[in-house]
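Reader: I should like a close look at a single part of this model, with its side-chain contacts set out in order. Please then place that part within the wider architecture of the chain.

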Amino acid sequence: MELYLDLVSPPCRSVYLLARALGIPFEFKLVELSAGQQYTEEFGQLSVVRKVPVMKDGSFVLTESTAILLYLVQKCSASVADHWFPADLQQRARVNEYLSWQHLNLRAHCSKVFLLKTLYPFVMGSEAPKEKMDVALEDMKQSLDLLEEKFLQDKPFIVSSEISLADLVALVEIVQPLGTGVDGFEGRPKLMAWRDRVKKELGENLFDQTHERLLDNKGLQQKMQSNSQLEKLKPILLQKFFR
């Protein structure tokens with residue numbers, strides 16, 4: 001199995017963390033987003049959507065992180081603990097409910113803060129306007145409120161007393177803005193306690209190592225500024241993210 005990833009991306013980190021935590025063997029194929037490698041002809045032959053993660057299992061190619069996560073736990077179901085994607089109908093529905101909700105909520109809003117802090121200055125040549133940043137931060141706050149009030153409530157984890165795919169997907173997204181110095185956990189003790197439980201279940205060293213490149217924001221910014229290939233892609237990035 002080959003996994004095409006860039007660990008700056010939250011969906012890539014969720015796939016990587018699950019495969020590593022569960023001991024699923026794979027070959028890591030780096031697709032460096034800050035170098036524009038997703039736009040190369042070679043990668044386009046693998047995936048016309050030009051996004052990571054991508055999984056290649058023999059001749060079977062699969063895109064979309066949640067689809068890959070579900071594929072992995074079901075392919076390896078004999079050795080994967082049930083709590084990751086419970087067999088119980090209603091608990092499984094709760095995992096699916098969170099995975100369906102997060103795309104246009106927590107994921108979208110945390111990613112927007114990150115993009116405004118990192119990609120906007122590179123593409124536009126200036127810091128993001130304060131009004132744009134304020135709206136993005138408020139949207140992220142509202143999504144975090146819903147995560148606590150609707151999904152987590154008073155449970156140790158999102159679905160039950162054990163970790164599931166929902167927790168993994170949620171945590172990597174909340175960590176994303178930390179790469180720009182924006183801490184979504186600040187002032188949220190319940191969320192911080194949940195974060196610590198999830199990290200412990202995944203393996204704290206594994207979790208921290210997986211996030212090293214994201215949290216080196218200065219290094220990431222320098223790499224973007226000095227990359228001639230990415231410079232050529234500014235018109236594409238402008239149209240895709242900031243029109």
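Author: Leaving aside residues up to four places away in sequence, His109 touches Leu104, Ala136, Asp139, Met140 and Ser143. These contacts belong to a predicted model. Two of the partners, Asp139 and Ser143, also enter into polar contacts with the histidine. The side chains of His109 and Ser143 are joined by a polar contact of 2.7 Å. In the case of Asp139, the backbone oxygen is the atom concerned, and it lies 3.3 Å from a polar atom of the His109 side chain.

His109 belongs to helix 4, which spans residues 89-124. Is His109 buried or exposed? Its relative accessibility is 17%, and because buried means under 20%, His109 counts as buried. In the protein chain, buried residues make up 50% of the 243 residues.

The same helix can be followed into the nonpolar interior. The largest nonpolar core has 68 residues, and those with the most contacts inside it are Tyr98, Leu106, Leu147, Ile158, Leu165 and Trp194. Helix 4 gives the most to this core, namely ten residues. For Leu106, again not counting residues up to four places away in sequence, the residues touched are Tyr98, Trp101, Ser143, Leu144, Leu147, Ala170 and Ile174. Ser143 is thus touched by Leu106 and by His109, and the side chain of Ser143 makes the 2.7 Å polar contact with that of His109.

Helix 4 also takes part in enclosing a void. The count of cavities of 30 Å³ or more comes to one, and the largest cavity holds about 50 Å³ of space. Its lining consists of Pro10, Pro11, Ser14, Ser65, Leu69, Gln102, Arg107, Val169, Val172 and Glu173. At least two lining residues come from each of helix 1 (10-21), helix 3 (65-75), helix 4 and helix 6 (165-175). By class, five of the lining residues are nonpolar, three are polar and two are charged. His109 is not listed in this lining.

As to the wider architecture, the protein chain has twelve helices and four strands. Of the contacts in the protein chain with a separation of 6 or more, 70% are accounted for by residues 24 or more positions apart.

Definitions and conventions:
Residues numbered from 1 in each chain as written. Predicted model: local features only at pLDDT ≥ 70, side-chain atom pairs only at ≥ 80, totals over all residues. Heavy atoms only, no water. Buried < 20%, exposed > 50% of the residue type's maximum accessible area, 1.4 Å probe, protein only. Polar contact = N/O pair within 3.5 Å; in protein donor to acceptor, adjacent residues only side chain to side chain. Contact = heavy atoms within 4.5 Å. 1 Å grid on protein atoms, 1.4 Å probe; cavity = no way out; pocket = protein on both sides within 12 Å on 5 of 7 lines; lining within 4 Å. Points joined across faces, edges and corners; volume = space filled by probe spheres on them. Nonpolar A, V, L, I, M, F, W, Y, C, P; charged D, E, K, R; others polar. Core = buried A, V, L, I, M, F, W, Y, C linked by side-chain atoms within 4.5 Å.
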